[in-house]
Amino acid sequence: HDSTIYEFELPRCTSLNLPACGCILLNAPGAEKDGTDAVRPYTPISDNGMLGKFQLIIKRYDGGAVSQYLHKLKIGSNVQFKHISFNIKRQYPFEGAKTISLLCAGTGIAPIYQALLRLMNTPGDDRKVTLVYGNKSVK
């Protein structure tokens, strides 16, 4: 369809070690229409338990600078990333929330997926979670 899961290599036995819902910035050199670098934030869909690699789900847009850049890369190409810690809006354990409602669409599922991983895999966290998800197709 129009979204791809990309897997990127990290040094052996290491993880991104990001907080839940944390994003990383991807730099696509010269990918903007004017030839400048394109930088976009992405939230990994892999958790910190994945060692030696991480995964991103990225929607491919016609004319999308970064999505087209990635789609054209050969397997094994190097890609530049960096983490900016101040971009996290609300952090697990979501203090004071007795129930949690999540709303997202398309590849916007990525930060929600990170939150769900923490909520479902933390022993003793038995809060009720409601997820409303929309997509343009069932594919």
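**Note on aromatic contacts, pocket lining and charged pairs**

1. Phe8 has a relative accessibility of 12%, which places this residue among the buried ones. The model under discussion is a predicted one, and Phe8 serves here as the entry point to its aromatic contacts. Five aromatic pairs are counted in total. One of them joins Phe8 to Phe54 in a stacked arrangement, with 5.3 Å from centre to centre and 25° between the planes. Because Phe8 belongs to strand 1 (residues 3-9) and Phe54 to strand 4 (residues 53-59), this pair ties together parts of the chain that are 46 residues apart in sequence.

2. Phe54 is likewise a residue to follow, being buried with a relative accessible area of 4%. Phe54 also pairs with Phe81, here in an edge-to-face arrangement, the centres being 5.2 Å apart and the planes at 80° to one another. The contact links distant parts of the chain, since Phe54 sits in strand 4 and Phe81 in strand 5 (residues 80-83), 27 residues apart. Phe81 is partly exposed, with a relative accessible area of 26%. Taken together with Tyr6, the residues Phe8, Phe54 and Phe81 make up one aromatic cluster.

3. Phe8 returns in the description of the second largest pocket, whose volume is about 390 Å³. This pocket is lined by 16 residues, and those closest to its centre are Glu7, Phe8, Gly76, Ser77 and Val79. Strand 1 and helix 1 (65-72) are the elements that give two or more residues to the lining, and strand 1 gives the most, with four residues. By class, the lining of the second largest pocket divides into nine nonpolar, four polar and three charged residues.

4. Which residues does the salt-bridge network join? The search of the whole structure finds five salt bridges, and one of them brings the side chains of Asp2 and Lys136 together at 3.0 Å, N to O. Asp2 lies in the segment before strand 1, while Lys136 lies in the segment after strand 7 (128-134), so the pair ties together parts that are 134 residues apart in sequence. The two partners differ in their surroundings, for Asp2 is buried with a relative accessible area of 17%, whereas Lys136 is exposed at 61% relative accessibility. Through salt bridges that share partners, Asp2, Lys59 and Lys136 are joined into one network.

5. Two further salt bridges deserve a mention. Glu32 pairs with Arg40, and the closest N and O atoms of this pair are 3.1 Å apart. Both residues fall in the partly exposed class, Glu32 at 25% relative accessibility and Arg40 at 28%. The side chains of Arg127 and Asp125 also meet in a salt bridge, at 2.8 Å from N to O, and Asp125 is buried, with a relative accessible area of 18%.

6. On the cysteines, the count of disulfides comes to zero. Cys21 is in no disulfide, and the nearest cysteine sulfur, which belongs to Cys23, is 10 Å away; the cut-off for such a bond is a pair of sulfur atoms within 2.5 Å. Cys13, for its part, counts as exposed, at 52% relative accessibility.

Notes
Residues numbered from 1 in each chain as written. Predicted model: local features only at pLDDT ≥ 70, side-chain atom pairs only at ≥ 80, totals over all residues. Heavy atoms only, no water. Phe/Tyr/Trp six-rings, centres within 6.5 Å; stacked < 30°, edge-to-face > 60°. Buried < 20%, exposed > 50% of the residue type's maximum accessible area, 1.4 Å probe, protein only. 1 Å grid on protein atoms, 1.4 Å probe; cavity = no way out; pocket = protein on both sides within 12 Å on 5 of 7 lines; lining within 4 Å. Points joined across faces, edges and corners; volume = space filled by probe spheres on them. Nonpolar A, V, L, I, M, F, W, Y, C, P; charged D, E, K, R; others polar. Salt bridge = Lys/Arg side-chain N within 4 Å of Asp/Glu carboxyl O.
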